[in-house]
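Work through the exercises below with the sequence and the model open. Try each task before reading its solution.

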Amino acid sequence: MKPRVTDKIATAVFYIIAALLILLLVLFAAYLIYQGRSRLNLHFLTSAPNSLEAGGGIGPPLFNSIYIVVLSLAITLPIGLSAGIYMAEYAKPTRLTKMIRFCIEALASLPSIVIGLFGFLIFVQKTGWGFNLLSGALAVSILNLPVITRISEDSIRNVPHSVKEASLALGATHWQTIVRVLIPCAIPGLVTGLIITSGRVFGEAAALIFTSGVSGYPLDFTNFNPMDSSSPLNPMRPAETLAVFIWKVNSEGTAPDARLVADGASAVLIISVFVFNIASRILGKYLNNKFAGNS
Amino acid sequence: MSKPNKRKITSHYIKTELLGKSLVTFFGIFLIILTISLVFFIASQGLSTFILDKQSPLKFLFSSKWDPLRDLSKGGPAIGALVFIFGSISVSSLALLISTPFSVAISVFMSEISPKFGKKILQPVIEIFVGIPSVVYGWIGLTLLVPFISKLTLTIPFIDKDINTTGKSLLTGGLVLSIMIFPTIASISYDALKALPKDFKEASFALGATRWQTIRKVLIPAALPGMLTGVVLGLARAFGEALAVQMVIGNNILFPKSIFDRANTMTSVITMEMGNAVSGTLEANALWSLAFLLLLISFLFIVIIHKIGAKGSFIK
């Protein structure tokens, strides 16, 4: 009878641990949203940070975060997708392929601060550009390249073989098959993967403090000239993102309500994590039904 | 008739096949170029401490005196990084110690106890934990955990009266990190358990073993190599994490006396100092050496994972 009792106890312990995990997440989310509740309004989301007086917002950092996501995806997607196509379709089991695989793994395991320092050295110092948004986007792109390559490779590999064979049988070349058949079929996997990487970029900070910097110029949101230093569209301006902003407020917050501002910003970040997750789930399901036809 | 691989190079063929193929091949090779240039540039900066500044690599690794700006009259600059290396190792091990049992338990729960609940609820929960940015973990640690640990150290009577009561400590860093690395270990352990053949479980049940006996005596040992991979990846993640740790560990350039004492890590000191260090000076170079060391360690972790993978391949 004794093993049965231990079995029951073990099962109970497993249930408790699982419950604790869920409780922990609920606690985190509730705590952040509760602490930041007074700041979850439009004014906070749109107005500029103020380091001297209370009442500053997170408008520019929030915009910078989104801008870096867009820029880095524009850089990573073509490169990562191409490399993924190569690995899934063309790579033969040679030394070169092994080497690429090792490099993908090596890049993926590098601490983001090391990649940030590389970006600092190359894009900020060697080019003489100084801290700027583009350097940040490039650094984050290096961080995401292995992830997107892997996602692309997996989603292309997961396309049923019969689909590919049908296309080749019709006389299409390998490349035509990839572009017209395999990539469209792989879109559901690609999109969910992209949303997840976007979420990562959105919260990244360690790679950005050395590349896009920890401060920004005041922005004029009516200025659409990308060459102007006050224009939000200018990629060559220093820019603090939301995550960097939270980190900075902790180390050098000078505003009287710095604590509240960081609480509000953290609440915004954790809400976006939920939004990214739910969006990837819904969109993934929708696209899967649409492209795979299993509605 | 022409076989596909003996196709004539016509302009049509170039347009429909060769161009695309060359393009994607180039980007595949680009990943190698990127990795090599990354290693090259970080190494050349990191090694200049030893080559240009003539510092001893042994002193860098094994001395604990870190004062890169010290005057020549006081003995010249010292760049012993042992305190940071020790801090990184201890905070990561601590995180691993806390996180591993829970992570393995969760993976067992998801694969053996309640797969349906695991897939529907726990998997999304784990994904959200992955998605939470490290600064947010740091901020929660700073505003929730640090005051709590501070109170804890104040209430528990210690013999040592000089105990650090700020709440920023090795323990706080370890706790924050343990939550951050938990999804890595849990999801890889889960994959390892899932990959086991069904026969293992069925054979064990057929012998009359209970579920717990099966889990403890059959499933976990069989999935151990995969789980170890998860543990090493978790360790790698903990080692490389910068901002969350920096926010809660206290950043004290002395060896911590206990887990309640403040500490410092390699990533933390880079985060704090690199912005102020003038490039080309010994201080900046020494920080680059730390970054290079981080890079080497993360490569070492990959090698270890491959070794584990090769050993564990008997399951498949």
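**Exercise 1.** How do the residues of the lining of the second largest pocket divide into nonpolar, polar and charged?

*Solution.* Note that the model is predicted. Start with the space: the second largest pocket holds about 560 Å³. Its lining has 22 residues, and Leu24(A), Phe28(A), Leu175(B), Ser178(B) and Ile179(B) are the closest to its centre. Now sort the lining: 19 residues are nonpolar, three are polar and none is charged. Next, trace the sources. Helix 1 of chain A gives the largest share, seven residues. Helix 3, helix 5 and helix 6 of chain B each supply at least two residues.

**Exercise 2.** Classify both partners of the salt bridge between Arg157(A) and Glu153(A) as buried, partly exposed or exposed.

*Solution.* First, locate the pair: both residues lie in helix 6 of chain A, four residues apart, about one turn of the helix. The closest N and O atoms are 3.0 Å apart. Glu153(A) has a relative accessible area of 6%, so it is buried, the cut-off being under 20%. Arg157(A), at 44%, is partly exposed. Finally, look for further partners: Arg101(A) joins Glu153(A) and Arg157(A) in a network of salt bridges.

**Exercise 3.** Which elements hold Glu127(B) and Arg281(A)?

*Solution.* Begin with the salt bridge between Glu127(B) and Arg281(A): the closest N and O atoms are 2.6 Å apart. Glu127(B) lies in helix 4 of chain B and Arg281(A) in helix 10 of chain A, so the pair joins two chains. Then check accessibility. Glu127(B) is partly exposed at 33%, and Arg281(A) is partly exposed at 39%.

How values were computed: Residues numbered from 1 in each chain as written. Chains lettered and ligands numbered in written order. Predicted model: local features only at pLDDT ≥ 70, side-chain atom pairs only at ≥ 80, totals over all residues. Heavy atoms only, no water. 1 Å grid on protein atoms, 1.4 Å probe; cavity = no way out; pocket = protein on both sides within 12 Å on 5 of 7 lines; lining within 4 Å. Points joined across faces, edges and corners; volume = space filled by probe spheres on them. Nonpolar A, V, L, I, M, F, W, Y, C, P; charged D, E, K, R; others polar. Salt bridge = Lys/Arg side-chain N within 4 Å of Asp/Glu carboxyl O. Buried < 20%, exposed > 50% of the residue type's maximum accessible area, 1.4 Å probe, protein only.
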